[in-house]
Structures are given as C-alpha cells and as structure tokens.
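Here is a short set of exercises to work through with the model open. Try each task before you read its solution.

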Amino acid sequence: MRILLAAVVLSLLLALSPQAIRAADAPLSYAGKNVLVTGSTDGLGRELALALSADGAHVIVHGRNAARGQAVVDEITRAGKGSARFIAADFSSLQATREFADTIAQDYPRLDLLVNNAGIAFNNAPARSANADGYELQFVVNYLAGWILANRLLPNLEAAAPSRVVNIASGSAAAIDFDDVMLEKPDAHHRGYGQSKLAQVMMTMELAPAFAERGVTMISLHPATLMDTTMVKGIGIPPRTTVAEGRDHVMGLVTAPSLQPGAYYEDGQPATPRDPQAADPKARARLAALSAGLTGVPAAR
C-alpha cells in the first residue's frame, strides 16, 4: 500500500513540471474571446479596449457618440490583431441600458469579460443632476447601469466560464444615506460621485459569492488617482496620474492568473474599502434590494 501511495505522489510531482507551473502563473490571454468595456470611446475605457484588442480579443466598444465609437473600432481594425464592434447606449436611461444588455445577450452567447467602466462626475456642480426618471444621474450611470449589465449578462458570462466582471470603482467613497439615495436634501449632491463608487464596491461584495458558484469572478478596483481623463479635467481638478497608469493597473488584474472574488483592489492587491459601510452585510443587502427595485433587474442567484 505504501509503495502504491509513493508511486502516486511521485507521479503528481512529475506532472508538476516547471513548464506546468509557469503556465499556471502566466497572465490570462483574451485572444479569440469576447469582452465588453463600457465607456470605451475615451479615457481609461478606450485604452482598455485597445489593450484587450492588442491581445487578440473581440471588443464590444460602448459609448454614446457613434463617431468616437467608430474611430476606436477603426483603430483596432487597422492594428490587425483583435476585432471590435461599436454598440451605442445612453446609460442615463435605465431602459436604454436594459435594451443594450439584451442586445449583448442575444448577439454574444459567450461573454468572457465585462468591464463596468462607464462613469461621470459632477463633484463641483452647483446643483443635483437627474435623469428623465428623476434619479440622481451619477448613481444611475456609475452604478445602476453596471448592476443591470452584470445581472442580465450572467448567463452569457457563465457560458464562457471561467470569466470575469471587473467594476471600475474608486478610492472616493461616501456612505449611502438610504433615506436620501437620490440626494434631494440640501447640498447632498456633493456626495453623489463617492456614493455611486461605494455602491459599486458594495454590489461586488454582495453578488460575488453567487457569481463565483457559476464560474464568474467579480471584483472592484481603484484604477489610479485622478488620471488625466476628460472627466477629471472637466471637474477642474489637476490630474495626479496618467491614463496609462490606470490602464496598466486594470490590465494587470484583468489578466491576473487568479483573483479574490468580491475583493476591492488597490495597487494590485485586495484592500479595505474606504468607508466602513461596505463591510455591513445589512447595508449591502438593502442596496441590492433597492437596486433591483429601481432597475427592474433582480440580483442573479
């Protein structure tokens, strides 16, 4: 019996050749795979689309401006490595976002990677901004759109498992006031960006276990602080990092051999979210119920 056991152990050790070990540690490749990067006609999203296509991926480019979207597709096509298609959607409309998700679900039965990157910021705005439904706009675009896509597209992500959802959050964080989520109280709108970003982190923590059971790893991350994007320049804050730095950080996680499901990442490592509300399971469950009610899209289980 001991001789048989020793033979089995020896066989396992021989199987773990240096080549096999190196392969297990190698970055993931998206060559020939389908990836969706929202908000990919400019800034960080555009750089991620170009990087993923350079790896051989088929990139679904998203934005509102058709000319800018086609320009990204044309650039990818000229490079001759991956491929791309532009699909327009205005994420300020929850109905438009649901229709966008339905288009992706129908046209791409297998989806290997979803990067929820689309975002807006009104940090210095004099008043609250809202969509046609009266919902606070940053909460809609930065958070609820990602909720819709992750849950509506889970069957497609599961079909391509192991697959990933990467939520581009931020170190900016403001706790959610569940009595005033739409920021209608005086001066509450200044919390809008931070609230939407903490909501992304909380959604990730809440949904990740169920997604992981279906072969889909979901994380959130802070890409880089105040990158030199159009959004940052538009709010009048001097940039502190470059889009290239953010791209490299995100790509390092997108292609990492393994990730911790549900984790919030900074500097390439799991980190503690900036606001303690994220650690409150009751708050996360309350946010999930609210999100399902606002969007009409329940949490996938």
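**Exercise 1.** Are Phe 91 and Phe 100 buried or exposed? Then classify the geometry of their rings.

*Solution.* Note that this is a predicted model. Start with burial: Phe 91 is buried, and Phe 100 is buried too. Now take the rings. The structure holds 2 aromatic pairs. In the pair Phe 91 and Phe 100, the ring centres are 5.6 Å apart and the planes stand at 70 degrees, so the pair is edge-to-face. The cut-off needed here is over 60 degrees.

**Exercise 2.** Classify the pair Phe 139 and Tyr 143, then place it in the fold.

*Solution.* Begin with the numbers. The ring centres of Phe 139 and Tyr 143 lie 5.1 Å apart, with planes at 50 degrees, so this pair is tilted. Next, find the element. Both residues belong to helix H6 (residues 137–152). They are 4 residues apart, about one turn of the helix. Last, check burial. Phe 139 has 0% relative accessibility, so it counts as buried. Tyr 143 also has 0% relative accessibility, so it counts as buried.

**Exercise 3.** Test the length of helix H8 (residues 192–213), then look for a bend and for burial.

*Solution.* Step one is the expected span. H8 has 22 residues; at 1.5 Å a residue, it should span 32 Å. The rise is multiplied by one less than the number of residues. Step two is the comparison: the end C-alpha atoms are 32 Å apart, which agrees. Step three is the bend. H8 has a kink of about 45 degrees at Leu 207, shortly before the proline Pro 209. Step four is burial. Of the 22 residues of H8, 18 are buried, so the helix is largely enclosed by the rest of the structure. Finally, step past the end: just after H8, Gly 215 has a positive phi of about 85 degrees.

**Exercise 4.** Which residues is His 222 in contact with, leaving aside its neighbours within four places in sequence?

*Solution.* Locate the residue: His 222 is in strand E6 (residues 216–222). Check its cover: with 12% relative accessibility, His 222 counts as buried, because the cut-off is under 20%. Now list the partners. They are Ala 169, Ser 170, Gly 171, His 249, Tyr 264, Tyr 265 and Glu 266.

**Exercise 5.** Describe the chain as a whole.

*Solution.* Count the elements: the chain has 11 helices and 8 strands. Turn to burial: 51% of the 301 residues are buried. Then take contacts between residues at least 6 apart in sequence: 73% of them join residues at least 24 apart.

Notes. Residues numbered from 1 in each chain as written. Predicted model: local features only at pLDDT ≥ 70, side-chain atom pairs only at ≥ 80, totals over all residues. Heavy atoms only, no water. Phe/Tyr/Trp six-rings, centres within 6.5 Å; stacked < 30°, edge-to-face > 60°. Buried < 20%, exposed > 50% of the residue type's maximum accessible area, 1.4 Å probe, protein only. Helix = DSSP H or I, 4+ residues; strand = E, 2+ residues; numbered from the N terminus. Bend = angle between axes of the 7 residues up to and from the residue. Contact = heavy atoms within 4.5 Å.
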